[in-house]
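Work through the exercises below with the coordinates open, and try each task before reading its solution.

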Amino acid sequence: MPTRRDIFLLAIACTAFVSPVQADDRTPLAFVTAIYETYEKPDSDGALIDDVMKLRRYFEPRLAAVMDKDQEIAAKHHEVGKLDFDPFIDAQDWEFKTFDVAIKDTAPGKVSATITFTNLGKPTTIVLDLIAIKNDWRIYDITWQRDGKLKNEPKSLRALFGLKPPA
């Protein structure tokens with residue numbers, strides 16, 4: 001019969017094999033927090049989405065595939081693709097030390113995460129529409145607050161890539 005010590009040691013051993021990527025997906029708050037914590041670290045590259053595995057890590061499959069195809073085409077032509085800024089912060093550069101996340105259930109298996117922070121002195125709000133895929137959370141769309149200075153400027157990631165916005 002296993003002792004408490006045996007069970008405790010087994011529990012510790014099992015948690016050692018759970019990667020942070022798996023743990024981050026369990027709740028919408030943990031998923032979003034893991035993304036934005038990368039921006040708080042000095043000299044961080046933020047949440048990189050520069051290859052297909054990283055895209056699949058964050059985005060729902062169809063959006064990840066469209067983004068990957070755009071990156072491939074741009075790379076072949078030595079150009080920057082449609083996404084020439086960091087979609088998680090709606091900027092190319094950042095400097096912020098804190099952020100707030102508000103989670104709102106919108107439908108079964110869907111939530112909206114509103115992230116607020118002050119980046120380089122500018123108050124910023126980003127909304128991530130998340131969907132549950134199996135036991136993980138993925139981004140269905142990102143909506144940015146835009147001031148409307150550019151008439152045809154897309155206000156969401158799906159719009160940028162010509163995909164249907166959330167229903």
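**Exercise 1.** Determine how the span of H5 compares with the span expected at 1.5 Å a residue, and which residues flank the helix at its two ends.

*Solution.* In this predicted model, H5 has 16 residues and reaches 23 Å from its first C-alpha to its last, which is close to the expected 22 Å. At the start of the helix, a side-chain oxygen of Glu60 comes to within 2.9 Å of the backbone nitrogen of Arg62. Just after H5, His78 takes a positive phi of about 55 degrees.

**Exercise 2.** Which residues of H5 are buried, and how are they arranged around the axis?

*Solution.* Begin with relative accessible area, for which buried means under 20% and exposed over 50%. The buried residues in H5 are Leu63, Ala64, Met67, Asp68, Asp70 and Ala74. They cover an arc of only 160 degrees around the axis, and therefore lie on the same side of H5. The general background is that an α-helix has 3.6 residues a turn, so residues three or four places apart point the same way. On the other side of H5, Pro61, Lys69 and Lys76 are exposed. As a last step, look for what covers the buried residues of H5: the covering elements include helix H4 (52-58), strand E4 (136-144) and helix H6 (157-160).

**Exercise 3.** Classify the ring pairs that Tyr36 makes with Phe99 and with Phe117, and explain why each pair ties together parts that are apart in sequence.

*Solution.* The structure holds 11 aromatic pairs. For Tyr36 and Phe99, the ring centres are 5.8 Å apart and the planes stand at 45 degrees, so the pair is tilted, given that planes under 30 degrees apart would count as stacked and over 60 as edge-to-face. Because Tyr36 lies in helix H3 (residues 28-40) and Phe99 in the loop between helix H5 (61-76) and strand E1 (100-107), this pair ties together parts that are 63 residues apart in sequence. Tyr36 is buried at 0% relative accessibility, and Phe99 is buried too, with a relative accessible area of 15%.

Turning to the other pair, the rings of Tyr36 and Phe117 have centres 6.1 Å apart and planes at 45 degrees, so this pair is also tilted. Since Phe117 lies in strand E2 (residues 110-119) and Tyr36 in helix H3, the parts tied together are 81 residues apart in sequence. Phe117 is buried, with a relative accessible area of 4%.

Finally, place these pairs in context: ring pairs link Tyr36, Phe99 and Phe117 into a cluster whose members also include Phe31, Tyr39 and Trp94.

How values were computed:
Residues numbered from 1 in each chain as written. Predicted model: local features only at pLDDT ≥ 70, side-chain atom pairs only at ≥ 80, totals over all residues. Heavy atoms only, no water. Phe/Tyr/Trp six-rings, centres within 6.5 Å; stacked < 30°, edge-to-face > 60°. Helix = DSSP H or I, 4+ residues; strand = E, 2+ residues; numbered from the N terminus. Buried < 20%, exposed > 50% of the residue type's maximum accessible area, 1.4 Å probe, protein only. Expected span 1.5 Å × (residues − 1). Arc of directions from axis to C-beta. Contact = heavy atoms within 4.5 Å. Polar contact = N/O pair within 3.5 Å; in protein donor to acceptor, adjacent residues only side chain to side chain.
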